[in-house]
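Colleague: I'm new to reading protein models. Could you take one part, the inside of the chain, and walk me through it slowly, starting from the outside?

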Amino acid sequence: MIHSNFILFADCIPVKGFNRSIICDIRNNKYYFIPNGLYEILEDYNGKTIEIIKNNFGHDYDEIINEYFDFLIDNKIIFYNSNPELFPKIGVEWSSPSLITNIIIDFNEILHDFKSLMTQFEILKCSHVQLRFFKKISVEYISIILQLLKKEKSRVVSIDFIIPFYNSSIFEELKTLISDNSRVNTIIIYNSPYDKSYTSVSGEMGNVMQVKKNILNEKNCGIVNENYFNTNIKLYTESHHHNTCLNRKISIDKNGNIKNCPSMPQSFGNIKDTTLEEALKHPDFKKYWNVNKDMIAVCKDCEFRHICTDCRAYTERTHFEEDIDLSKPLKCGYSPYTNQWAEWSTNPLKNKAIEFYGMQDLVKKNA
């Protein structure tokens, strides 16, 4: 194929990092590590022949170029065609008809009136909801919420529950509930005696996870981890223009305060006397919506920046532009300069930020 034009599949997109790059396969939700040298070839020579590449680099590099292209073909990242102009790159535009795409609601001593909130979801065209419970809640209560969504024919298409463990039979109770409610995406049962994941008990949706970790409060939020990477077209395109956590998000904390995220300090009113739509109109509400990874310290050099979610609630507090925090997320232990992961909570350079957020006890309990 040396005389044919090689072409990147449109849904295989290279992203350059400081030391290495990745190829995001947004169709199959996976990624591949590649050296920066191959990234440059893919960027500069896509649509050209391998013969041109070898002539430009010199034939001392023939062997490594052959290895590169064997890898690309084996993983179905490129194909050959004599008309490369017929295969344009995929666009990175992002849009949504929703004023708000997702909402987080925290429950503790106060059980917010979910039925009245559903009407507000419709106004905002919100389709994804996450409910977090910091005290024990019955499966019956979850069932009531799901029945409300079904009865009112809600536009919510996906709902997650994060609930504390309370007995060993809880999974069996949830199994029937999930099989009858396709809106359920994930149920995480924390403070469990063991870690376990149950895949798709309903056949299409409804994953259940049990985790030993004890989610004490909203301060457990904001962890950056490989397990949370998502190589899909929605996150990839949104990440080019917006913040991958806060864009089109609204939340209600355990006290009823309306915020960008329950972990963030600024409140835009309380759900008792302020509607979500009113809070959304506050001039500061969208402050972080357009702060993308290419603007954030360290993240802008990271090969994972377009498949990773961000956190503005807990940062290292090292980089500010006026009143905008552009610091690296506090709970990220990855360095794009060494390509190594480390435990974030034991990094001495993060001690000041840990103290600022009052996380000393939380770090000790999760150590």
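**From the surface to the core**

Modeller: Sure, let's start with the skin: the accessible surface of the chain adds up to about 18300 Å², and carbon and sulfur atoms account for 50% of that. Keep in mind that you're looking at a predicted model.

Now for the overall build. The chain has ten helices and 17 strands. The radius of gyration is 23 Å, close to the 21 Å that the globule rule gives for 367 residues, so the chain is as compact as a globular protein of that length. If you drew a box around the C-alpha atoms along the principal axes, it would be roughly 70 × 45 × 45 Å. Charges come in two sets, with 43 positive and 46 negative side chains, and the centres of those sets sit 6 Å apart.

On to the inside. Of the 367 residues in the chain, 49% are buried. Contacts also link parts that are distant in sequence: take the contacts between residues at least 6 apart, and 64% of them join residues at least 24 apart.

Here's the bit you asked about. The largest nonpolar core contains 44 residues, and the ones with the most contacts inside it are F121, L131, F161, I163 and L174. Which helix gives the most to this core? That's helix 5, residues 139–151, which supplies seven residues. Click on L174 to see how this looks from one residue: setting aside neighbours within four places in sequence, L174 touches V139, I142, I163, I187 and I189. I163 is one of the residues with the most contacts inside the core too.

Helix 1 is a good place to practise. It covers residues 36–45, and its buried residues are N36, L38, Y39, I41, L42 and Y45. What covers them? The cover includes four strands, namely strand 1 (6–8), strand 2 (12–16), strand 3 (20–25) and strand 4 (30–35). Helix 2 (50–57) and helix 3 (62–74) are part of the cover as well. Just after helix 1 you'll meet G47, which has a positive phi of about 95 degrees.

Phi is worth a short detour. Most residues other than glycine have a negative phi. K125 isn't a glycine, yet its phi is positive, at about 60 degrees. You'll find K125 in the loop between helix 4 (114–124) and strand 7 (128–133). K125 counts as partly exposed because its relative accessibility is 35%, which falls between the 20% cut-off for buried and the 50% cut-off for exposed. N191 is another non-glycine residue with a positive phi of about 60 degrees. Its loop runs between strand 9 (184–190) and strand 10 (196–198). With 38% relative accessibility, N191 is partly exposed.

To get a feel for those cut-offs, try three more residues. Is N220 buried or exposed? Its relative accessible area is 9%, so N220 is buried. That residue lies in a loop, the one between strand 11 (207–210) and helix 7 (233–241). N220 and P88 are 132 residues apart in sequence, and their C-alpha atoms are 43 Å apart in space.

I73 belongs to helix 3. With a relative accessible area of 35%, I73 is partly exposed. Beyond its neighbours within four places in sequence, I73 makes contact with I78 and Y80. I73 and I90 are 17 residues apart along the chain, with 20 Å between their C-alpha atoms.

Last comes A342, in the loop between strand 17 (340–341) and helix 9 (351–356). At 51% relative accessibility, A342 is over the 50% cut-off and therefore counts as exposed. A342 and C332 are ten residues apart in sequence, and 8.5 Å separates their C-alpha atoms.

Technical notes: Residues are numbered from 1 along each chain as its sequence is written. This is a predicted model: local features need pLDDT of at least 70, side-chain atom pairs count only at pLDDT 80 or more; totals for chains, interfaces and linings use all residues. Side-chain values use heavy atoms; hydrogens and water are left out. Helices (H or I, at least four residues) and strands (E, at least two) are DSSP runs, numbered from the N terminus. The radius of gyration is taken over C-alpha atoms; the globule rule is 2.2 Å times the number of residues to the power 0.38. Buried means under 20% relative accessible area, exposed over 50%, partly exposed in between (1.4 Å probe, protein chains only). Contact means heavy atoms within 4.5 Å. Accessible areas come from the Shrake-Rupley method with a 1.4 Å probe; for residues, only the protein chains shown count as cover. Lys and Arg count as positive and Asp and Glu as negative; His and the chain ends are not counted. The place of a charge is taken as NZ of Lys, CZ of Arg, CG of Asp or CD of Glu. A nonpolar core is a set of buried Ala, Val, Leu, Ile, Met, Phe, Trp, Tyr and Cys residues joined through side-chain atoms within 4.5 Å.
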